[in-house]
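Reader: I have just opened this entry and would like to be walked through it slowly. Could we begin once the structure is in view?

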Amino acid sequence: MAATKGKILYKVYRALSYGLSPLLYLHLRWRVLRGLEHPLRWPERLGRPSHARPPGPLLWFHAVSLGESLATIPIIKQCILRRPDLNILMTTTTYSAFQVVKNCLPTGVIYQFAPLDTAAAIDTFIAHWKPKVIILMESELWPNLILGASQHGITMALLNARMSATSFKHWSIPVFIPLISLMLSKFSLILPLSNLQAIRFQLLQAPPPIISFAGDLKFAVEDIGMSVAEIKKVEDLRAQLAQRQVWMASSIHRGEEEVILEVHKMLLEAHPNIVTIIVPRHPMHGKEIALEMQKEGQNVALRSQGENITSGTNVYVVDTLGELRYLYGITSIAVVGGSFLPGLAGHNISEAAAAGCAVLTGPYIAHFSSMVAKMQQFNPMSVLQLIQVHGKLDLAEALRNLLGDDKVLEAHRLAAKHAQQALACGIIVGTWNSLHSNVLRSAFGVDDVHKCR
């Protein structure tokens, strides 16, 4: 009965996606005009390929944005190493992810933008690429994609699986349970991020045998190779900051800059030589922050304009993409944003920890609460989570303590780095073993050509 209801709901969803296709097309063109989609490759979002399909079996990896994409790359490299007989297709949804990922995918991996979840786009995409296996990252649960792929006999896995509290609440509405249950039944493997995530998937009737654990792939994100020019830019910035105290606020969302800038002003009273680096989540937001600070009479340098940090510069705004991992290497303190306002859900803290930063975060970290908890269990000093940010005083006080005592700062930096290294160990191999044993071996019928080590 539940399966029948799920199929009926899917037919309704599929019909609606057909009916709404003209509006979605107009929305897509509007996004192109706003610079949110690739100006030339946007037809890929309609399932139209820009690359010929190579002969032979094909494995499709899909992630939404930059963080998930970078977490996918180590598994793609394992696949190339252990299954060289397979063609690899990588898709992402966001234009910002494309701008970085296209330069760090291994040679031979085909890149396309992911199709919208309309019946026509998905059908066109699958008809061209004919993947044997689809590996989805985190929370990509789209009915046309999953059930359309299942109808073509495509095997599916969900890695780093997570479902936000809001999504879980929506899917738990009785009328939607049959549809999500039907969708989850089509997976051969689900690797959730935590026990809580596993419980959520089970409550939504994912078959228990397909749920396993391997760890959070975002702990094991690799360094992206830098060009000589990029290395010089980072080293030039390091030299400009050599005689200054520095802290960085990364992945800042709109509205959070108010918290950061007020804390910056508080710190200036005791540390007049300090430089605050602000890395907004979206580069366009950086120009707005710089303009706001300049109106207040502050000396602000903007990275996209090639502006240098002078003796009078106290705020440096990084309105570029793809440099965050390297910028962590030039600061001793990283405040990870997306966590200071209600409705936000945090960002990856492991990159900052891997670079040896003392890591701080705000109270709203729903998507990364498991990562924070695991690091704090390893060493309570590895992450400073500010449970409340009353008038920004908590954050300012925490930063004063770190900036005012080199021994305390070094202890937090070492704790973060050691926790990240310990938790990253074995995640890639564990994920690969689960993926190969439960998905690839049966789908492709050829065993692993290398032994795991």
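Author: Let us begin with histidine 285, whose place is in helix H11, a run that covers residues 283-295. Please keep in mind throughout that this is a predicted model.

Reader: Is histidine 285 buried or exposed?

Author: A residue counts as buried when its relative accessible area is under 20%. Histidine 285 has a relative accessibility of 4%, so histidine 285 is buried. Leaving out residues up to four places away in sequence, histidine 285 touches Ile252, His253, Arg254, Glu257 and Pro280. The answer for histidine 285 is therefore buried.

Reader: Which residue does UniProt list for "active site", and in which helix does that residue lie?

Author: The unreviewed UniProt entry gives Glu68 under "active site". With a relative accessible area of 9%, glutamate 68 is buried, and, apart from neighbours within four places in sequence, glutamate 68 is in contact with Ala63, Met137, Glu138, Arg162 and Lys218. The residue listed is Glu68, and the helix that holds glutamate 68, spanning residues 66-82, is H2.

Reader: Why does the salt bridge between glutamate 296 and lysine 265 tie together parts that are apart in sequence, and how many residues apart are they?

Author: Side chains of opposite charge can pair when their charged atoms come close. Glutamate 296 and lysine 265 form a salt bridge in which the closest N and O atoms are 2.9 Å apart. Because glutamate 296 lies in the loop between H11 and strand E9, while lysine 265 lies in helix H10, the pair joins parts whose separation in sequence is 31 residues.

Reader: Are arginine 303 and glutamate 323, which form a salt bridge, buried or exposed?

Author: The closest N and O atoms of arginine 303 and glutamate 323 are 2.9 Å apart, and the pair links distant parts of the chain, with arginine 303 in the loop between E9 and strand E10 and glutamate 323 in the loop between E10 and helix H12. Arginine 303 has a relative accessible area of 11% and is therefore buried. Glutamate 323, at 14% relative accessibility, likewise counts as buried.

Reader: Is leucine 23 in helix H1 buried or exposed?

Author: Leucine 23 belongs to helix H1, which covers residues 2-33, and is one of the residues that make a nonpolar surface patch of about 740 Å². The cut-off for exposed is over 50% relative accessible area. Leucine 23 reaches 56% relative accessibility, so leucine 23 counts as exposed.

Key. Residues numbered from 1 in each chain as written. Predicted model: local features only at pLDDT ≥ 70, side-chain atom pairs only at ≥ 80, totals over all residues. Heavy atoms only, no water. Patch = residues over 30% accessible without salt bridge, like charges linked within 9 Å, V, L, I, M, F, W, Y side chains within 5 Å. Areas by Shrake-Rupley, 256 points an atom, 1.4 Å probe, with all protein chains shown as cover. Salt bridge = Lys/Arg side-chain N within 4 Å of Asp/Glu carboxyl O. Helix = DSSP H or I, 4+ residues; strand = E, 2+ residues; numbered from the N terminus. Buried < 20%, exposed > 50% of the residue type's maximum accessible area, 1.4 Å probe, protein only. UniProt positions renumbered as here; feature names shortened; annotations may be inferred. Contact = heavy atoms within 4.5 Å.
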